[in-house]
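I opened this notebook to record what I looked up, beginning with the overall build and ending with backbone details.

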Amino acid sequence: MSVRVNRRIAGRVFGLLVPAVVLAVLVDDGALAHHSFAATYNEDETITIEGTVLQFQFRNPHSFVHVQAPDENGEMHRWAVEWANPSQLTGQGVGAATLKPGDVVRITGAPGRDPADHRLVLRYLLRPADGYEYGNDPNETFD
Amino acid sequence: MTFGLPATGAPGAAGVTWLGSLALLSSLALLGSLALLLPGSALAQLNLSGEWTGRYHEDTDDRVPGDVQGDFTGVPLNDAARRYAEAFDVTRVAVLEHQCQPYNMPHIYRGPLQFRMWEEKDPANQDIIAYRQYIGTYMQSRTIWMDGRPHPPGHAPHTHMGFSTGRWNGDILTVYTTHIKKEFYRRSGIPSSDLTTVVEHYIRRGNLLSHVMIITDPVYLSEPYVLSQEFVLMERGNTNWLYNCEYVMEVPMDKNDVPHYLPGANPFITDFSEKFGLPFEAVIGGAEAMYPEYMPRIEALINEQAR
Amino acid sequence: MRRSRLIAAGIAAGIAASIVALPAAAQSRIESYHVKGNVWLLAGAASNVAVQIGDDGVLVVDTGGRESQAAVLEAVRELSDKPIRWIINTHAHADHTSGNETLSQAGITVNGNPAAIVAHENVLGRMAQEERPVSEWPLNTFFESQRDFYFNGEAIFLYHIPSAHTDGDILVYFRGSDVLVTGDLFVTTHFPVVDLDAGGGIDGFIAGLNKALEITVPAFLQEGGTYVIPGHGRIGDEADVVSYRDMALFVRDRVRHMIEAGMSLDEVLAAKPSLDYDPRYANDEWTTEMFVESVYRSLRD
């Protein structure tokens, strides 16, 4: 279990996410209306954590995954990973039982503006045990 | 007397005139009967019923994804509002009691929404008692009373939608709302107080609906805040979702800890001005910076800025 | 006159003057408003009066000021002709308790005595100290953190909040009706009044508001559900208490930060730590300066 902090601008990942944002607009996304992601997260940065799922809050206004994982210094924290709302997730094949406490996951996303919050907004999730993936792997390239 | 029908020779002018009068009277009677089946052209109100969705233009970014942090432009905010916005930490929305707070009445029409509007009529005389609205983003319901009832007393509770009464001014529905809960005007943290009152005008042209709001807030605005947004009638049904908000501990924190910035300590307050190269004084200038007369000042400030 | 004396005088004057929003004419005109369940609000006295009615009789929370006591009694009688059995005082201040004698004497307990007046024992101590008429004293007091009893088909909880507005504040919660009466711990008309001379404190005030938030539950989207009758002003719900709590917390944190930075009272006042709330909550009876100074001294002393 580890954490990698990538301070590059995640340009390609962001580009691939644009259609999802547009789709969210068309389906009248209350989560977008709820608060500005740009104000909460450093969207020009990426961070990756790897740890154990403690809780999956599948609900409005936005879902959260709580993961027990170490920070850069190896200190364990309860990370709060913000995800989309149930309407969006359901349309993408994610349900309340998709993640379970005890699942080992690797999550990449934009970190919260305050590092002390130990939070990030999910861009990519991998569950190595069965290869389940969500989103776009920032390390994946396309020719 | 004649009614414009040409006089002919036979059977004689008087006879033709009489027939012409009869024909005209008959036509008028027919038209009058038909008119009873049609909405009265001079007295009937425009029909605002239907499912409406936002028609976005250059205001898309403002109405949909929301403000860049530090965007205070276009709002006649006063010093109290400036301080409030400066102290606003957006992570406050993770506080338990803040999570399920929706937009209030003057805010929701400026956000992403679809709404359904319909009439409630008195079955005895078909007078419109109220207009009802269902606003899908947060599953909010709203009533605009048209029956002349008074607004509640000052000690009555406030709601997010407030208490509204309306009347028709020609083809414009004008609505007055009081008893609105405190919330925000913009997602950048500009507050609206619970003393806010709103006048709205609903103006329909074909399938387009112009919605104008004139917001008065003695606490946080230096002058009325005027907003307009466009909506279009949807041919197909509303795509409203269901918003079952649930309170959970999203980010592990002390339940009673409410994030806020101390004066002068907000590190993001200049994000918008820096992103767009605008003088911060202009961005937070309020009413003074909203009108064309301010342009020379902006030019002067930009010239003073370090390149 | 020392500033602290001015503050105390201001507190007493402001409280006795029924706070602000009500014009003088309204003081003698009492309006009743059904809040929820068994509970009604009587507005227009020097402070808000809550009335619970039912088959068991009438329970009154706070009794208003001296000038309005007759009108309050008349308003209670319009709501119910059942006997007034219980009076509860949320704290000792005169604008909340000066009608005690009138309402108590007009009421009767099951054993034939005037209606019982219930409060935290610090309220009794304050009234005795201020040499208030004995007939106004709450003689049914408690010293523990909470008390409960059953009346008119519902449980009623009394929670003591130490060192808040005063040292004798209580929250009164009607469980069946789902109505919380806060006394001056929550108002919609002015800044928190931290009565230092009566044992109040800003930290305790915020703790009291947090306690209120543990009790309130909104029905939908932070609206409705548990209704809250404040000491002064309009009926609220959890969202209104949240706004008030946030304000008190922000101002407290700012003043504390300034104290830690070594700023004097005058420097703190000049920094305007409550600027974002002044237009809403400051008034002639309880000014910004008085509020900020009370917070300052509460944190310093």
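The entries below go from one chain's domains to single residues of the other chains.

Entry on chain B. I kept in mind throughout that this is a predicted model. For chain B I looked up the secondary structure, which comes to eight helices and 11 strands, and I noted that 38% of its 307 residues count as buried. Among the contacts in chain B with a separation of 6 or more, 57% are between residues 24 or more positions apart.

Entry on the domains. I found chain B assigned to domain 1 (50-233) and domain 2 (271-304), with 27 Å between their centres, taken over C-alpha atoms. Where the two meet, 13 residues of domain 1 of chain B are in contact with nine residues of domain 2 of chain B, and the domain 1 side divides into four nonpolar, six polar and three charged residues.

Entry on the backbone. I went through this part with the usual pattern in mind, since most residues other than glycine have a negative phi, and most peptide bonds are trans. In chain A, I noted a cis peptide bond between Asn60(A) and Pro61(A), with omega about 0°; Pro61(A) sits in the loop between strand S2 (46-57) and strand S3 (64-70) of chain A.

In chain C, I looked up Asp62(C), which has a positive phi of about 65° without being a glycine and belongs to the loop between strand S4 (57-61) and helix H2 (69-79) of chain C. Asp62(C) counts as buried because it has 33 C-beta neighbours inside 10 Å.

I then turned to Glu131(C), also not a glycine, with a positive phi of about 60°, in the loop between helix H5 (121-129) and strand S7 (140-142) of chain C. Glu131(C) has 7 C-beta neighbours inside 10 Å and therefore counts as exposed.

Technical notes
Residues are numbered from 1 along each chain as its sequence is written. Chains are lettered from A and ligands numbered from 1 in the order in which they are written. This is a predicted model: local features need pLDDT of at least 70, side-chain atom pairs count only at pLDDT 80 or more; totals for chains, interfaces and linings use all residues. Domain bounds come from an automatic or database domain assignment. Two residues are in contact if their C-beta atoms, placed from the backbone, lie within 7 Å. Ala, Val, Leu, Ile, Met, Phe, Trp, Tyr, Cys and Pro count as nonpolar, Asp, Glu, Lys and Arg as charged, and the others, Gly among them, as polar. Helices (H or I, at least four residues) and strands (E, at least two) are DSSP runs, numbered from the N terminus. A residue is buried if 20 or more other C-beta atoms lie within 10 Å of its own, exposed if 12 or fewer, and partly exposed in between; C-beta atoms are placed from the backbone.
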